[in-house]
Amino acid sequence: MLMTIMLFFSVVSGFYAAGGEEVAAVAEVQLAREENTCYVICVSEDATVSEQEAARELKFWLNRMTGADFALGPDSAEQTIYVGNSVAFRTGFPEKATRSRGHDGIYLAASADGRDIFLTGGDPRGTLYAVATFLEDYCGIHWWTATETHVPYAPDLTVRRPDLDYVPPLEFRSLFYYGYITSGIPEQVRFRVRNKMNGHGEVIPPELGGHLRILGLAHTFEQMLPYREYGAEHPEWFSLVDGKRIGGQQEGQLCLTNPEVRDALLAKSLEWLTKNPDCRIISISQNDNSNGCECPSCKALDTAEGAPAGTLLAFINPIAEAIGRQYPEVKVLTLAYLHTEEPPATLRPASNVLIQLCPITTRRTCPFTDPANCKFMERLKGWSAIAPNLFIWNYNCQFSDYLCFVPNYFFLGEDLRLLMHHGAKGIFAQGNYQLPVGDFDELKGWVIAKMLWNPELDNRELVKEFAEGYYGAAAPWILKILERLSLNAENNELGASLEEVIALDE
């Protein structure tokens with residue numbers, strides 16, 4: 001038989017109006033006692049599919065955590081957790097309800113007496129993120145990986161009174177690690193949502209908020225105009241290098257001053273968008289090599305702009321403008337990568353061009369602010385000044401050997417904050433996406449996910465939190481290894497063997 005829950009009142013300094021009388025606001029709310037609850041989880045009759053899924057998510061974890069049955073019910077219970085943009089939320093918090101939180105922002109609140117709790121956010125993902133935040137930050141659940149979750153048993157569950165209004169600074173957050181995109185585990189998609197990843201990777205269905213897909217992702221010149229298909233008939237479409245026309249993903253590029261190439265690429269781009277009408281970002285980007293065209297026209301424009309990126313923008317801008325006339329909501333992404341990493345002297349991206357800067361040439365064992373990375377800092381500042389739409393393709397592993405240590409564990413946050421300070425609106429964090437094991441990938445992935453959502457979090461504390469929660473009794477030793485690896489990197493001693501690293505000073 002359900003017991004009537006007595007709320008645990010603790011007075012805080014503020015007072016709130018309720019029914020015309022001032023009442024002291026509680027500091028804590030008791031959600032369950034002795035595996036029973038009087039709370040009902042409520043969604044509006046017109047709730048979106050993602051809001052309905054968020055309510056089921058909340059019910060599942062609260063039931064599992066407390067042993068109580070948090071029923072999904074009507075808006076008539078004395079104690080209610082409202083999930084989504086409910087009438088009760090709009091009535092009780094009219095000023096908050098009208099604030100724009102984009103697609104991902106969250107709002108957590110409670111009535112002064114704690115009897116009503118509100119978990120809501122922007123459409124389509126905000127309410128799902130609000131529920132995940134409540135379960136993790138207020139209830140103590142932790143999703144370490146897609147298969148390892150910490151759920152504390154709390155038959156008497158008391159939480160601090162929810163009070164959070166937050167919009168993440170990054171509109172695009174993508175974690176390209178094996179455990180986030182290719183594990184084949186059914187819970188993997190939900191794991192991405194619970195860690196608030198919304199970028200390109202494994203498809204997130206609409207009921208879980210969807211994601212920001214990049215059509216083609218990257219290196220699409222070869223995808224759109226493959227050399228094997230067009231090279232024989234149109235060799236002049238491809239890059240002239242050392243007197244020879246070459247193409248292919250790893251070998252060559254397109255001739256960017258050839259108007260026929262521009263027209264063919266525009267036609268292919270429009271074809272892609274016709275087949276993918278819901279896509280809002282299309283990648284029209286160079287192949288994965290630095291063999292830019294050396295024909296007289298391309299070379300002259302490279303020289304005039306002081307960088308091949310000028311020739312790239314002269315090519316991309318007209319295509320983007322033509323796409324914009326038919327698809328005004330679509331942005332055209334192109335890479336600043338290898339030979340195009342240096343910004344041009346005078347040309348600027350069109351308003352719907354999205355520059356994705358790729359710090360592929362940086363030293364990854366030290367922060368971007370290290371003197372070893374001064375060239376990248378110049379390029380970051382240069383693109384920041386001319387590109388209002390700026391994404392970063394950031395690297396967190398050694399591609400020639402995924403087991404090789406890249407000890408950036410303790411300055412990940414510093415780098416992310418710096419990128420955002422220079423205008424980055426999205427970050428694609430590429431790690432080991434091909435193997436199930438690597439350089440502390442579970443730890444790195446979790447820490448990066450947390451800081452992509454909130455870059456002001458303490459990087460070192462996050463590492464410690466994950467180590468203690470995931471590695472358990474081994475955490476002190478794991479932390480010592482991470483510290484020693486980081487110290488070795490600072491001292492240019494990455495050649496040390498694992499045995500030498502583990503031989504820690506006591």
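## Exercises on a predicted model

The sulfur of cysteine 255 sits 3.7 Å from the closest cysteine sulfur, the one in cysteine 295, and that is too far for a bond. Before you dig in, two ground rules: residues are numbered from 1 along each chain as its sequence is written. This is a predicted model, in which local features need pLDDT of at least 70, side-chain atom pairs count only at pLDDT 80 or more, totals for chains, interfaces and linings use all residues, and side-chain values use heavy atoms, with hydrogens and water left out.

**Exercise 1. Find out how many disulfides the whole structure has, then check cysteine 255 and cysteine 366.**

Step 1: Start with the cut-off: a disulfide is a pair of cysteine sulfur atoms within 2.5 Å.
Step 2: Search the whole structure, and you get 0 disulfides.
Step 3: Look at cysteine 366, which is in no disulfide; its nearest cysteine sulfur, in cysteine 374, is 10 Å away.
Step 4: Now check the surroundings. Buried means under 20% relative accessible area, exposed means over 50%, and partly exposed is in between (1.4 Å probe, protein chains only). Cysteine 255 has 4%, so it is buried. Cysteine 366 has 7%, so it is buried too.

**Exercise 2. Work out how helix α1 and helix α4 cross, and which residues meet there.**

Step 1: Pin down the elements. Helices (H or I, at least four residues) and strands (E, at least two) are DSSP runs, numbered from the N terminus. Helix α1 covers residues 49-66 and helix α4 covers residues 126-138.
Step 2: Two packed helices are described by the angle between their axes and the distance between the axes. Axes are lines fitted to C-alpha atoms, for helices over the stretch in contact, and angles run from 0 to 180 degrees between N-to-C directions. Here the axes come within 8 Å and cross at roughly 15°.
Step 3: That makes α1 roughly parallel to α4 (angles under 35 degrees are roughly parallel, over 145 roughly antiparallel, 65 to 115 roughly perpendicular, and the rest oblique).
Step 4: The crossing of α1 and α4 is right-handed. A crossing is right-handed if the near helix is turned clockwise from the far one by less than a right angle, and left-handed if anticlockwise.
Step 5: List the contacts (heavy atoms within 4.5 Å). From α1 you have Ser50, Glu51, Glu53, Ala54, Glu57, Leu58, Trp61 and Leu62, and they meet Thr127, Leu128, Val131, Phe134 and Leu135 of α4.
Step 6: Sort them by class: 8 nonpolar, 2 polar and 3 charged. Ala, Val, Leu, Ile, Met, Phe, Trp, Tyr, Cys and Pro count as nonpolar, Asp, Glu, Lys and Arg as charged, and the others, Gly among them, as polar.

**Exercise 3. Is glutamate 53 buried or exposed, and what does glutamate 53 touch?**

Step 1: Glutamate 53 belongs to helix α1.
Step 2: Its relative accessible area is 10%, so glutamate 53 is buried.
Step 3: Leaving out residues up to four places away in sequence, glutamate 53 touches Leu128, Arg190, Glu207 and Leu208.

**Exercise 4. Do the same for α14 and α15: at what angle do their axes cross?**

Step 1: Helix α14 (residues 441-453) and helix α15 (residues 459-471) have axes that come within 10 Å and cross at roughly 135°.
Step 2: That makes α14 oblique to α15.
Step 3: The crossing of α14 and α15 is right-handed.
Step 4: On the α14 side, Glu442, Leu443, Trp446, Val447, Lys450 and Met451 meet a set in α15 that includes Leu462, Phe466 and Tyr470.
Step 5: The residues of this contact split into 9 nonpolar, 1 polar and 3 charged.

**Exercise 5. Describe the backbone at proline 124, aspartate 242 and phenylalanine 440.**

Step 1: Aspartate 123 and proline 124 are joined by a cis peptide bond, with omega about 15°. You'll find proline 124 in the loop between β8 (116-121) and α4.
Step 2: Aspartate 242 isn't a glycine, yet its phi is positive, near 50°. Aspartate 242 sits in the loop between β15 (239-241) and β16 (244-246), and at 70% relative accessible area it is exposed.
Step 3: Phenylalanine 440 isn't a glycine either, and its phi is positive at about 50°. Phenylalanine 440 lies in the loop between β21 (424-430) and α14, and with 15% relative accessible area it is buried.
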